[in-house]
Amino acid sequence: MTKLSLGLLGAGEVAQLIHLPILQQMQDRYQIAALYDPSPSVLNAVADKWAVPKRYDRVEALLADEEVDAVMVLSPDQFHGEHARAAVRAGKHVFLEKPACLTVADLQSLIEVQQQTDRQVMIGYMRCYAPAFMQGQKLLQQMGDIRYARVRDLICEGPWFFRKWSEVVTPADDISADVLTSGRAKRMADLTAVCGEDAPPAILKSYEVLTGLGVHSLSAVRMLLGSPRRVISAHVGQDGTQIHALLDYGNFVTFYECLIDDVVRFDATIEVLSRREELSIHYDTPYIRNLPGRTVFQASSESENSSQTFGPFYKDPFQVELEHFHDVLTTGVPVRTHLHDAVRDLELCQEIIKVAKLSFLRKHNK
């Protein structure tokens, strides 16, 4: 099996808890060759722990390394477009963590750069690679016309889960002030470009939640049902950590609900209903490795009723997506989650925010 040499741009929480442990399991496919992080303390601690042979304090230096075949862009969201473009220009294939970018303009710029090369860019929509989701795609073909869909992300944040079993190395106040200032400015510029200069903090926060959490569910629903025609209504509450949106699919509607709170549970579910069938896809928190997903399919007739549970599936979706990334680069299979799909997902997030902002301002200006 062809072994690919990987460079990681970013050594934060997701890299430490998820990608590095999985890559270590996949040593037949990948060698972790190089690591970049703006924090010297994080860079050295993580490189030491995972025996990464090369460590870089500049993105450009890692991308100039001729031994690196592909890079994983695990940097903060506002740098995704910049880092992915630089990687493609340097001749590297790219695994790009979600969200692909924070603005459509940034994402379109990345697409234009990629189209000038033969490099592959794959979005890390891991829920679309979950065995439970792929089972759901097969079962959907057995269903009649869709009448309704419901999607929810009711979650407790990751730290409650991973603090029970792991520690994350954080910067020892050693990221340069210029890097911190420019990063914050870039993030705020992206948020206001989408939400408007007059957007209240709750709206800005809700866009961060949508692109950080909601895009997982919205991308999965798109792969199942396609993109909605429009956003009928949207609501933001609880300082931006509560989001509801009603999506128009023509012959049916889809309801999306999101809530981040401190109740310790992770309820990420997609439900699709026809007249006589119901399909449910269930995910658990990704912050504990290999927790099972499952798919439930119920079918009813005038005289019979049956329910089948598929799974629980214990294979980690992050591993499945990295297996796919390897296949893309070594066997030429098409990318399952590509940049053009990410444009549609980002446009939907922005339309939800646009509708929610109008509702929010009407309510609070009374």
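**Notebook: helix α9, its neighbours and some backbone outliers**

I began with Glu 257 and found its place in strand β10, which covers residues 253-261. This is a predicted model, and I keep that in mind for every entry here. Glu 257 has a relative accessibility of 18%, and because buried means under 20%, I entered this residue as buried. Leaving aside neighbours within four places in sequence, I listed the contacts of Glu 257 as Val 151, Arg 152, Asp 153, Leu 154, Ile 243 and His 244. I also looked up its separation from Pro 312, and the two residues are 55 apart in sequence and 24 Å apart in space, C-alpha to C-alpha.

Pro 312 itself lies in strand β14, residues 305-313, and the peptide bond that reaches it from Gly 311 is cis, with omega near 10°. I noted another cis peptide bond between Lys 98 and Pro 99, where omega is about -15°; Pro 99 sits in the loop between β5 (93-97) and α5 (104-115).

Lys 98 came up again when I turned to His 216, a residue of helix α9. Not counting residues up to four places away in sequence, His 216 touches Lys 98, Gly 124, Met 126 and Arg 127, and its relative accessible area of 8% puts it among buried residues.

Next I looked at how α9 packs against other helices. The axes of α9 and α11 come within 9 Å and cross at roughly 135°, which makes α9 oblique to α11. I recorded this crossing as right-handed. Among the residues that meet there are Ile 203, Leu 210 and Leu 218 in α9, and Leu 348, Ile 352 and Phe 360 in α11.

For α6 (residues 131-140) and α9, the axes come within 10 Å and cross at roughly 30°, and the two helices are therefore roughly parallel to each other. The contact is made by Phe 133, Gly 136, Gln 137 and Leu 140 of α6 with Ala 220, Met 223, Leu 224 and Leu 225 of α9. This crossing, too, is entered as right-handed.

I then checked the largest nonpolar core, which has 120 residues, and those with the most contacts inside it are Leu 96, Leu 107, Leu 225 and Ile 352. The largest share of this core, 13 residues, comes from α9. For Leu 225 I listed contacts with Leu 140, Ile 146, Ala 149, Tyr 249, Phe 252, Thr 254 and Val 272, again not counting residues up to four places away in sequence.

Helix α8 (residues 177-195) has 19 residues and reaches 27 Å from its first C-alpha to its last, close to the 27 Å expected. Its buried residues are Gly 183, Arg 187, Asp 190, Leu 191, Thr 192 and Cys 195, and I found them packed against α9 (201-225) and α11 (339-364). Gly 196 follows α8 and has a positive phi, near 100°.

Last, I looked up positive phi values in residues other than glycine. Asp 239 has phi near 60°, lies in the loop between β8 (230-237) and β9 (242-248), and counts as exposed at 66% relative accessibility. Asn 290 has a positive phi of about 65° and lies in the loop between β12 (277-283) and β13 (293-300); with a relative accessible area of 33%, Asn 290 is entered as partly exposed.

Notes
Residues are numbered from 1 along each chain as its sequence is written. This is a predicted model: local features need pLDDT of at least 70, side-chain atom pairs count only at pLDDT 80 or more; totals for chains, interfaces and linings use all residues. Side-chain values use heavy atoms; hydrogens and water are left out. Helices (H or I, at least four residues) and strands (E, at least two) are DSSP runs, numbered from the N terminus. The expected span of a helix is 1.5 Å times one less than its number of residues. Buried means under 20% relative accessible area, exposed over 50%, partly exposed in between (1.4 Å probe, protein chains only). Contact means heavy atoms within 4.5 Å. A nonpolar core is a set of buried Ala, Val, Leu, Ile, Met, Phe, Trp, Tyr and Cys residues joined through side-chain atoms within 4.5 Å. Axes are lines fitted to C-alpha atoms, for helices over the stretch in contact, and angles run from 0 to 180 degrees between N-to-C directions. Angles under 35 degrees count as roughly parallel, over 145 as roughly antiparallel, 65 to 115 as roughly perpendicular and the rest as oblique. A crossing is left-handed if the near helix is turned anticlockwise from the far one by less than a right angle, and right-handed if clockwise.
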